[in-house]
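Here are some exercises to work through at your own pace. Try each task before reading its solution.

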Amino acid sequence: MPFVELFAPRGALDGERGTRAKQRLVAEVMAVEGAPDTQAARDISWLVVTEPAEWFVGGRAAGADEPPRYLVRVSVPAGSLDDGKRREMVERVTRVLAEAEEDAGRLYAAPVAWVHLVEIPDGNWGAMGRVFRLPDIIEFTTGAPAAAG
């Protein structure tokens, strides 16, 4: 169950390619995380887009004529990723953003799209007025109790 935050300059992801990227981001993250493709899992897998009015780089305001920079923060329950999944997550998120760009290669040539993976410690997710641990999330999204570990 990912929570994805996308930070991009205003208008950077307008248009058909940008809309497609926003629609795909959570699906790609869910696939890497191994989330089930159930309505319950989709219902709690969110993307929030923030378009800051100002974007500063190295202490100077980025110009409106400069190519956009991105930050994607993916929060997932701790224990749902290993090094291979982390690598795949960064690759997939970068690919989605690159496909929305006029010059897709620039996201691979310079650090203009950062992906932060935030693993929330077990017991630090909460909803419906209670703490949700990883087994609770698995049960909620699959309808079946998590296997004992």
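**Exercise 1. Find the elements against which the buried residues of helix 3 pack.**

Step 1. Helices (H or I, at least four residues) and strands (E, at least two) are DSSP runs, numbered from the N terminus. This is a predicted model, in which local features need pLDDT of at least 70 and side-chain atom pairs count only at pLDDT 80 or more, while totals for chains, interfaces and linings use all residues. Residues are numbered from 1 along each chain as its sequence is written, and side-chain values use heavy atoms, with hydrogens and water left out.

Step 2. List the buried residues of helix 3: Met89, Val93, Thr94, Val96, Leu97 and Ala98. Buried means under 20% relative accessible area, exposed over 50%, and partly exposed in between (1.4 Å probe, protein chains only).

Step 3. Look for their partners, where contact means heavy atoms within 4.5 Å. The buried residues of helix 3 pack against strand 1, helix 1, strand 5, helix 4 and strand 6 (113–120).

Step 4. Check the length of the helix. Helix 3 has 17 residues, and from first C-alpha to last it reaches 24 Å, close to the 24 Å expected at 1.5 Å a residue. The expected span is 1.5 Å times one less than the number of residues.

**Exercise 2. Decide whether Thr94 is buried or exposed, and find what Thr94 is in contact with.**

Step 1. Locate Thr94 in helix 3 (residues 83–99).

Step 2. Thr94 counts as buried because its relative accessibility is 8%.

Step 3. Leave aside neighbours within four places in sequence; Thr94 is then in contact with Leu107, Tyr108 and Val115.

**Exercise 3. Describe helix 1: its span, its kink and its packing.**

Step 1. Helix 1 (residues 15–33) has 19 residues, so at 1.5 Å a residue it should span 27 Å; its end C-alpha atoms are 28 Å apart, which agrees.

Step 2. Now look for a bend, which at a residue is the angle between axes fitted to the seven residues ending there and the seven starting there. Helix 1 has a kink of about 30°, centred on Arg24.

Step 3. Pick out the buried residues of helix 1, among them Gly18, Ala21, Leu25 and Val26. The buried set also includes Glu28 and Glu33.

Step 4. The buried residues of helix 1 pack against strand 1 (3–7), helix 2 (39–43), strand 2 (46–50), strand 5 (70–77) and helix 3.

Step 5. Move past the end of the helix: Gly34 follows helix 1, and its phi is positive, near 90°.

**Exercise 4. Which residues does Arg106 touch, beyond those up to four places away in sequence?**

Step 1. Find Arg106 in helix 4 (residues 106–109).

Step 2. Arg106 counts as buried because its relative accessibility is 14%.

Step 3. Not counting residues up to four places away in sequence, Arg106 touches Pro67, Pro68, Arg69, Tyr70, Glu101 and Val112.

**Exercise 5. Compare the settings of Trp125, Ala62 and Met128.**

Step 1. Trp125 lies in strand 7 (residues 125–127) and is buried, with a relative accessible area of 13%. Not counting residues up to four places away in sequence, its contacts include Met1, Phe3, Val76 and Ile137. Trp125 and Val76 are 49 residues apart in sequence, with 9.4 Å from C-alpha to C-alpha.

Step 2. Ala62 is in the loop between strand 4 (60–61) and strand 5. Ala62 counts as partly exposed, at 24% relative accessibility. Leaving out residues up to four places away in sequence, Ala62 touches Trp55, Phe56, Val57 and Arg69.

Step 3. Met128 sits in the loop between strand 7 and strand 8 (130–132). Met128 counts as exposed, at 63% relative accessibility. Phi of Met128 is near 55°, a positive value in a residue other than glycine. Most residues other than glycine have a negative phi.

**Exercise 6. How many helices and strands does the protein have, and in what pattern?**

Step 1. Count the elements: the protein has 5 helices and 8 strands.

Step 2. Read along the sequence, and the pattern is β-α-α-β-β-β-β-α-α-β-β-β-α.

Step 3. Add the overall dimensions: along its principal axes, the C-alpha trace spans about 55 × 30 × 25 Å.

Step 4. Finish with burial and contacts. Of the 149 residues, 33% count as buried. Among contacts between residues at least 6 apart in sequence, 73% join residues at least 24 apart.
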